[in-house]
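This report looks at how one strand sits among its neighbours and how one helix is placed against the rest of the chain. Keep the structure in view while reading.

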Amino acid sequence: MSASNSPRLVWITGASTGIGRELALSFARDGATVAVSARGADKLGELERLSPNIKSFPCDVTDAAAVAATVSSIEQSVGPIDLAILNAGVWHPMTASNYDLAKVKASMDVNYSGVTNALAPVMKTMIGRARGHIAIVASVAGLRGLPKGAAYAPTKAALISLAESLYADLKLKGVRITVINPGFVATPMTDVNTFPMPFLISADEAVKTIRRGLQRDTFEIIFPGRMALLMKTLRLLPYRLFFLATGKISKREPPSASQN
Ligand SMILES: NC(=O)c1ccc[n+]([C@@H]2O[C@H](COP(=O)([O-])OP(=O)(O)OC[C@H]3O[C@@H](n4cnc5c(N)ncnc54)[C@H](OP(=O)(O)O)[C@@H]3O)[C@@H](O)[C@H]2O)c1
């Protein structure tokens, strides 16, 4: 069996809640050993108690040394990581009116640097074995800059570009890389949203789609279908038409509604 289709050891960052937590439970139910990371050790401990296949490795993805030590500790105590799902992320809705530099920097630190901090040690071990699969959780928000995405969207666009840049070389080295671009998923992250979320799906639905996608030899897992179609169409629009559409969205929401 290939590492991608039947991973024996899966490492998931941002596994204490939401999509990461549901993915951990899903892989554990199917018999994989799942190493789970996030900052919240208590929540990871609770998750660990739900399945003997789940092992907790708390860490903050913004701390490069701690992330490298976590990868090393997982590999030494549990075994080689077959599938790394780099999923930890934060969302700060932000417009020009509430632009907050500290939150902008924190978003880049967690969403982008948090992934690169994990990617460096994981790629090294996987390239050494000529085997493994890395999945980076970006977002449809990374496909085009939408209102409220001033802090979040650039981090996700950067992740998509990062995965594209690594794809060919990793393939030559026997390692797969996949980018996961979810639309709106009901999790603690989106619970804060006060605006309508088109095509919102449950974390359970998201996990089923991600699991199916990870088994296919595809670079991008994007869902749900209607959101994928909308965002891919927006991507093709020339700026004049694109800003006509986003201008309407911005006018609908008074600036105070986007404060967070
Ligand atoms: N929900 C959506 O609609 C949606 C759509 C597109 C993409 N996504 C992406 O999907 C991923 C998962 O999001 P979610 O919706 O499941 O959100 P969530 O429930 O808020 O989960 C976020 C996870 O990231 C962890 N995390 C945050 N900062 C961290 C840090 N510094 N170090 C380590 N872990 C950290 C959190 O745990 P701790 O706080 O305990 O550290 C938590 O486990 C994110 O990358 C998000 O951007 C979500």
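## Strand E4 and helix H2

In this predicted model, strand E1 (residues 9-13) and strand E4 are parallel partners, joined over three bridges. Within this pairing, Val10 has Leu83 of E4 as its bridge partner. E4 also runs parallel to strand E5 (residues 133-137), and four bridges join these two. Here Leu86 stands opposite Ile136 of E5. To get from E4 to E5, the chain passes through helix H4 (residues 101-129), and this β-α-β crossover is right-handed.

The two pairings of E4 are set side by side below.

| Partner of E4 | Sense | Bridges | Residue pair |
|---|---|---|---|
| E1 (residues 9-13) | parallel | three | Val10 and Leu83 |
| E5 (residues 133-137) | parallel | four | Ile136 and Leu86 |

In a regular strand, side chains alternate between the two faces of the sheet. E4 spans residues 83-86 and is covered on both faces. Leu83 and Ile85 are buried on one side, and Ala84 and Leu86 are buried on the other.

Helix H2 (residues 41-50) has a buried side and an exposed side. Which residues of H2 are buried? They are Leu44, Gly45 and Leu47. These residues lie on the same side of H2 because they cover an arc of only 160° around the axis. On the other side, Asp42, Arg49 and Leu50 are exposed. The buried residues of H2 pack against helix H1 (18-29), and also against strands E2 (33-37) and E3 (54-56).

Note on methods. Residues are numbered from 1 along each chain as its sequence is written. This is a predicted model: local features need pLDDT of at least 70, side-chain atom pairs count only at pLDDT 80 or more; totals for chains, interfaces and linings use all residues. Side-chain values use heavy atoms; hydrogens and water are left out. Buried means under 20% relative accessible area, exposed over 50%, partly exposed in between (1.4 Å probe, protein chains only). The arc is that of the directions from the helix axis to the C-beta atoms. Contact means heavy atoms within 4.5 Å. Two strands pair if DSSP finds at least two bridges between them. A crossover is right-handed if, with the strands pointing away from the viewer, the path from the first strand over the helix to the second runs clockwise.
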